[in-house]
Structure formats: C-alpha cells, structure tokens
Amino acid sequence: SFNSQEIATTMWAYAKMDYSSPKLFDAFSNKAIEKLDTFNSQGIANTLWAYAKVGHSSPELFNAISLKAIKNLNTINSQELSNMLWAYAKIEHSSPELFDALAGK
C-alpha cells in the first residue's frame, strides 16, 4: 500500500512523462482521498499538478483537497499555492471556498 509521499511522487512521475491512464489516476485518486490527512502541502500541490498536467478530472479529490487546504493555509508556501491554483484553473475545477480563503492569505 502506498503512503502519501509515494502517491504524490508516483502521480507526479506519470504526469511528467505525459502518461495518462484513467484507470490508474482514478485508483490513485481514491487512495489519495483515503490518506489525505497524511499529505503535506508539497504532496498536495504535486498531486494536483499531476492530475491537471494530464487533464484528468477528479472532482472528489479536488473537493477533498480544497477542504484540507483551507484548514492548513498557514503551511502552504507560495510555490505550492501557485501550483495548486494553476491545477484548479487548468482542470477547470471551481472551488470558491478555497479561492476566497487563499485570496485572504
């Protein structure tokens, strides 16, 4: 079973190679949601980036990450924030609560 860092790194690697497998990304989405409490902000940013890079929509994952990010805004650095916002924009996933919270950061 993959831990949060392994999930983020694996998804990042597949996206870096422009390899999009819907079954793979769906399976890892479910695993990421299960282990979301153990992700750090870099892992979250890298995971979002990977999904957006390959154009794989996962509303459940993006929604779950939004909730976690709102609770942990103080741990997100500017690079991670930029990557997260890019991913939401690229995948065209709206998260008004997250965007409002980030605007106030």
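Helices are DSSP runs of H or I with at least four residues, numbered from the N terminus, and in this predicted model the helix called α3 is followed by Gly55, whose phi is positive, near 75 degrees.

**Helix α3 and its surroundings**

Helix α3 covers residues 41–54, and with its 14 residues it reaches 20 Å from its first C-alpha to its last, which is close to the 20 Å expected at 1.5 Å a residue. At the start of α3, the backbone nitrogen of Gln42 has a side-chain oxygen of Asn40 within 3.1 Å of it. Of the 14 residues in α3, 11 are buried, so the helix is largely enclosed by the rest of the structure. The buried residues are Ser41, Gly43, Ile44, Ala45, Thr47, Leu48, Trp49, Ala50, Tyr51, Ala52 and Val54, and what covers them includes α1, α2, α4 (59–71) and α5 (78–91).

One residue of that covering helix α5 can be followed in more detail, namely Glu80, which is found in α5. Is Glu80 buried or exposed? At 11% relative accessibility, Glu80 counts as buried, because the cut-off for a buried residue is a relative accessible area under 20%. When residues up to four places away in sequence are left aside, Glu80 touches Ser41, Gln42, Ala45 and Thr75. Among these partners, Ser41 and Ala45 also appear in the list of buried residues of α3.

**Two salt bridges**

How many salt bridges does the structure hold? There are 2 salt bridges, and the table sets out their partners and distances.

| Lysine | Acidic partner | Distance, N to O |
|---|---|---|
| Lys53 | Asp18 | 2.4 Å |
| Lys31 | Glu34 | 3.8 Å |

The salt bridge between the side chains of Lys53 and Asp18 joins separate elements: Lys53 lies in helix α3, while Asp18 lies in the loop between α1 (4–16) and α2 (22–34), so the pair ties together parts that are 35 residues apart in sequence. Lys53 is partly exposed, at 31% relative accessibility, whereas Asp18 is exposed, with a relative accessible area of 54%.

The salt bridge between Glu34 and Lys31 is found within a single helix, since both residues lie in α2, 3 residues apart, or about one turn of the helix. An α-helix has 3.6 residues a turn, so residues three or four places apart point the same way. Glu34 counts as exposed, at 58% relative accessibility, and Lys31 is partly exposed, with a relative accessible area of 38%.

**Positive phi values in loops**

Most residues other than glycine have a negative phi. Which values of phi do Asp18 and Glu92 take? Phi of Asp18 is near 55 degrees, a positive value in a residue other than glycine, and Asp18 is the residue already met in the loop between α1 and α2. Phi of Glu92 is near 60 degrees, again a positive value in a residue other than glycine. Glu92 is placed in the loop between α5 and α6 (96–103), and with a relative accessible area of 73% Glu92 is exposed.

Asp18 therefore brings together several features of this report, for it is exposed, with a relative accessible area of 54%, it has a positive phi, and its side chain meets that of Lys53 in a salt bridge.

Conventions
Residues are numbered from 1 along each chain as its sequence is written. This is a predicted model: local features need pLDDT of at least 70, side-chain atom pairs count only at pLDDT 80 or more; totals for chains, interfaces and linings use all residues. Side-chain values use heavy atoms; hydrogens and water are left out. A salt bridge is a side-chain nitrogen of Lys or Arg within 4 Å of a carboxyl oxygen of Asp or Glu. Helices (H or I, at least four residues) and strands (E, at least two) are DSSP runs, numbered from the N terminus. Buried means under 20% relative accessible area, exposed over 50%, partly exposed in between (1.4 Å probe, protein chains only). The expected span of a helix is 1.5 Å times one less than its number of residues. Contact means heavy atoms within 4.5 Å. A polar contact is a pair of N or O atoms within 3.5 Å; within protein, one must be able to donate a hydrogen and the other to accept it, and residues adjacent in sequence count only if both atoms are side-chain atoms.
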